[in-house]
Amino acid sequence: MPVSHGIGFGSFTEIKQEHLTHLCGRLFATARKIIRKPKNQEWADGILTVFDITAGSGEHPETGAEGSPLILRSLLRQANVPYRLYCIEREAENCRRLQDAIGGDRNVEIHHGDHCQILPALLKS
């Protein structure tokens with residue numbers, strides 16, 4: 001698998017992104033229905049929380065197509081539900097590029113480092 005700026009990609013990347021879009025689109029629509037049901041207000045905090053633990057720079061290194069963080073953010077916005085998207089990326093340059101691409105969205109947190117260390121800390125908070 002070719003790697004560019006610490007991002008692995010290959011001939012199946014485009015298909016993977018299509019599957020991500022389809023599956024998460026359905027998942028987020030279902031989550032919206034669950035969150036909005038009055039009987040679920042007792043246990044659901046009303047915020048859809050998503051983790052992208054290998055976020056990359058937000059775009060495909062060769063084609064410039066949107067990567068998983070931007071796809072997820074777009075789908076979360078379309079779901080029309082309060083959300084929090086946590087992006088974890090180990091390469092500093094990719095974090096910088098992702099921050100530029102996200103454009104200061106207050107619902108998105110970008111963390112630089114190893115997801116094996118960062119994710120457990122986020123789950124505890």
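These legends walk through several close-up views of a predicted model.

Local features are described only where pLDDT is at least 70, side-chain atom pairs count only at pLDDT 80 or more, and totals for chains, interfaces and linings use all residues. Residues are numbered from 1 along each chain as its sequence is written, and side-chain values use heavy atoms, with hydrogens and water left out.

**View 1. Three strands form an open, parallel sheet.**
The strand order is 3-4-5. Strands here are DSSP runs (E, at least two residues), helices are DSSP runs too (H or I, at least four residues), and both are numbered from the N terminus. Two strands count as paired if DSSP finds at least two bridges between them. Strand 3 and strand 5 (108–112) are the edge strands, each pairing on one side only. From one strand to the next, the twist averages 15 degrees. Angles run from 0 to 180 degrees between N-to-C directions, with axes being lines fitted to C-alpha atoms, for helices over the stretch in contact.

**View 2. Strand 4 (residues 83–89) pairs with strand 5 and with strand 3.**
Five bridges join strand 4 to strand 5, and the two run parallel. If you would like a landmark, look for Glu89, whose bridge partner in strand 5 is His112. Strand 3 and strand 4 also pair in the parallel sense, over five bridges. Here the landmark is Phe51, with Tyr86 as its bridge partner in strand 4. Strand 4 is largely enclosed by the rest of the structure, because six of its seven residues are buried. Buried means under 20% relative accessible area, exposed means over 50%, and partly exposed lies in between (1.4 Å probe, protein chains only). As a reminder for reading any strand, side chains in a regular one alternate between the two faces of the sheet.

**View 3. Helix 4 (residues 115–124) packs on the sheet.**
Helix 4 touches strand 3, strand 4 and strand 5, where contact means heavy atoms within 4.5 Å. The direction of helix 4 makes about 155 degrees with that of strand 4.

**View 4. Phe51, Ile53 and Leu123 make a nonpolar surface patch.**
The patch covers about 240 Å². Patches are made of residues with over 30% relative accessible area and no salt bridge; like charges are joined within 9 Å, and nonpolar side chains (Val, Leu, Ile, Met, Phe, Trp, Tyr) within 5 Å. Accessible areas come from the Shrake-Rupley method with a 1.4 Å probe, and for residues only the protein chains shown count as cover. To find Ile53, follow the loop between strand 3 (48–52) and helix 2 (68–79). Ile53 counts as partly exposed, at 30% relative accessibility.

**View 5. Asp105 and Arg73 meet in a salt bridge.**
A salt bridge is a side-chain nitrogen of Lys or Arg within 4 Å of a carboxyl oxygen of Asp or Glu. For this pair, the N to O distance is 3.7 Å. Asp105 sits in the loop between helix 3 (92–102) and strand 5 while Arg73 belongs to helix 2, so the pair ties together parts that are 32 residues apart in sequence. Asp105 counts as buried at 11% relative accessibility, and Arg73 counts as buried at 12%.

**View 6. Arg96 forms salt bridges with Glu93 and Asp100.**
The side chains of Arg96 and Glu93 come to 2.5 Å, N to O. Both residues lie in helix 3, three residues apart, about one turn of the helix. On the other side of the sequence, the closest N and O atoms of Arg96 and Asp100 are 2.7 Å apart. Arg96 and Asp100 are four residues apart in helix 3, again about one turn. Relative accessible areas of 42% for Arg96 and 38% for Glu93 make both partly exposed, whereas Asp100 counts as exposed at 53%. Elsewhere, salt bridges that share partners join Arg73, Arg77 and Asp105 into one network.

**View 7. Asn80 has a positive phi.**
Most residues other than glycine have a negative phi. Phi of Asn80 is near 55 degrees. Asn80 lies in the loop between helix 2 and strand 4, and counts as exposed at 53% relative accessibility.

**View 8. Glu14 lies in helix 1 (residues 13–36).**
Glu14 counts as exposed, at 58% relative accessibility. The C-alpha atoms of Glu14 and His115 are separated by 24 Å, with their positions 101 residues apart along the chain.
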